[in-house]
Amino acid sequence: QYSLGELYEQTKNYDLAVLSFSRIPRESALWPLAQLRRSFDLSIINRIDEAKTILKELVQHYPDDMRPAYALANLYRGNKECKEAIPYFTMALQKLPKPEKVHWALYYGRGVCYERTKDWAKAEADLKKALELDENQGLTLNYLGYVWIDQNINLKEGMALVSKALEKTPDDGYYRDSLGWGYFRLKDYTRAVSELERAVVTRPDDPTINDHLGDAYWEVGRKLEAKFQWKQALDLKPEPEEEAKIKAKLEK
């Protein structure tokens with residue numbers, strides 16, 4: 001049944017994978033791992049509440065295992081419930097005897113959630129710890145670099161981090177956007193336009209990148225194109241806070 005569940009996952013038959021994993025008896029040594037897989041598959045088919053229930057039970061019954069807490073934290077984060085994710089990231093980290101290189105993702109995940117809930121001091125500490133554990137992870141390099149750039153602080157250091165991420169993955173639109181936004185903050189608007197245009201080609205459906213390109217177009221005098229990009233960003237349904245800012249730009 002476990003092998004069958006794995007095969008169904010590989011062929012993207014997640015409903016059948018859930019069914020196979022659910023057939024494994026509780027007394028089996030495979031049961032805890034099967035429940036982790038089952039919760040993951042449930043989240044993919046948008047049965048989020050069922051996945052949460054399974055993982056909360058695992059957290060309760062296996063207090064020494066960090067995997068259920070980590071999985072639940074990631075589930076909350078993926079569902080944009082960052083406030084709820086933070087305690088489970090912390091719980092998972094507390095179960096580690098000593099953080100090692102492979103655990104960078106726990107600090108990264110909690111750092112992202114701290115940043116999203118506007119607790120910047122803790123976010124910065126976690127993102128720096130993630131880089132300390134593995135200095136070559138593009139996700140961490142880009143996230144910390146972008147947040148510094150977006151806050152208009154540590155611009156030199158932020159650009160260095162983003163550039164390092166791009167060296168590893170030159171076709172990543174998000175990393176390219178961060179670099180373009182860095183040039184915007186440095187008031188090098190021509191280079192900002194160049195990088196942000198490349199980012200939009202890679203990620204045309206991202207509201208933030210379209211918004212950034214609109215700002216850059218405006219600064220170089222391409223105002224009709226700027227308005228087009230801002231309208232495009234609105235059509236892509238940005239976060240409410242960003243939506244208000246874009247509407248204000250279009251109106252004023």
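# Close-up views of an all-helix chain

**Figure 1. Overview of the protein chain.** About 13800 Å² of the protein chain is exposed, and carbon and sulfur atoms supply 50% of that area. Areas come from the Shrake-Rupley method with a 1.4 Å probe; for residues, only the protein chains shown count as cover. The model is predicted: local features need pLDDT of at least 70, side-chain atom pairs count only at pLDDT 80 or more, and totals for chains, interfaces and linings use all residues. Residues are numbered from 1 along each chain as its sequence is written, and side-chain values use heavy atoms, with hydrogens and water left out. The secondary structure comes to 15 helices and zero strands. Both are DSSP runs numbered from the N terminus: helices are H or I with at least four residues, strands are E with at least two. Along the principal axes, the C-alpha atoms fill a box of roughly 70 × 35 × 30 Å. Of the 252 residues, 46% are buried. Buried means under 20% relative accessible area, exposed means over 50%, and partly exposed lies in between (1.4 Å probe, protein chains only). Among contacts with a separation of 6 or more, 44% join residues 24 or more positions apart. A contact means heavy atoms within 4.5 Å.

**Figure 2. Charged side chains of the protein chain.** There are 39 positive and 41 negative side chains. The centres of the two sets lie 1 Å apart. Lys and Arg count as positive, Asp and Glu as negative; His and the chain ends are not counted. Each charge is placed at NZ of Lys, CZ of Arg, CG of Asp or CD of Glu.

**Figure 3. Helix α7 and its surroundings.** Helix α7 covers residues 104-116, 13 residues in total. From first C-alpha to last it reaches 18 Å, close to the 18 Å expected at 1.5 Å a residue. The expected span is 1.5 Å times one less than the number of residues. Eleven of the 13 residues in α7 are buried, so the helix is mostly covered. The buried set includes W104, L106, Y107, Y108, R110, V112 and C113. Buried residues of α7 pack against α5 (66-78), α6 (82-94), α8 (120-133) and α9 (138-150).

**Figure 4. R110 within α7.** R110 lies in helix α7. Its relative accessibility is 13%, so R110 counts as buried. Neighbours within four places in sequence aside, R110 contacts I86, F89, T90, L93 and D126.

**Figure 5. Aromatic pairs and a cluster.** Rings of Phe, Tyr and Trp (its six-membered ring) pair if their centres lie within 6.5 Å; planes under 30 degrees apart count as stacked, over 60 as edge-to-face and the rest as tilted. By this rule there are eight aromatic pairs. W104 and Y108 form a tilted pair, 5.9 Å centre to centre with 55° between the planes. Both residues lie in helix α7, four residues apart, about one turn of the helix. W104 and Y108 are both buried. F184 and Y189 form an edge-to-face pair, 5.2 Å centre to centre with 65° between the planes. F184 and Y189 are both buried. W104, Y108 and Y143 form one aromatic cluster.

**Figure 6. H103, ahead of α7.** H103 sits in the loop between α6 and α7. The relative accessible area of H103 is 15%, so this residue is buried. Outside its neighbours within four places in sequence, H103 touches L96, K98 and L133. H103 and A160 are 57 residues apart in sequence and 23 Å apart in space, C-alpha to C-alpha.

**Figure 7. Two loop residues with positive phi.** K118 comes just after α7, in the loop between α7 and α8. Phi of K118 is near 65°, a positive value in a residue other than glycine. K118 counts as exposed because its relative accessibility is 63%. N152 is placed in the loop between α9 and α10 (155-168). Phi of N152 is near 60°, again positive in a residue other than glycine. N152 counts as partly exposed because its relative accessibility is 43%.

**Figure 8. S39 in α3.** S39 belongs to helix α3 (residues 31-44). At 4% relative accessibility, S39 counts as buried. Leaving out neighbours within four places in sequence, its contacts are A51, I54 and L55.
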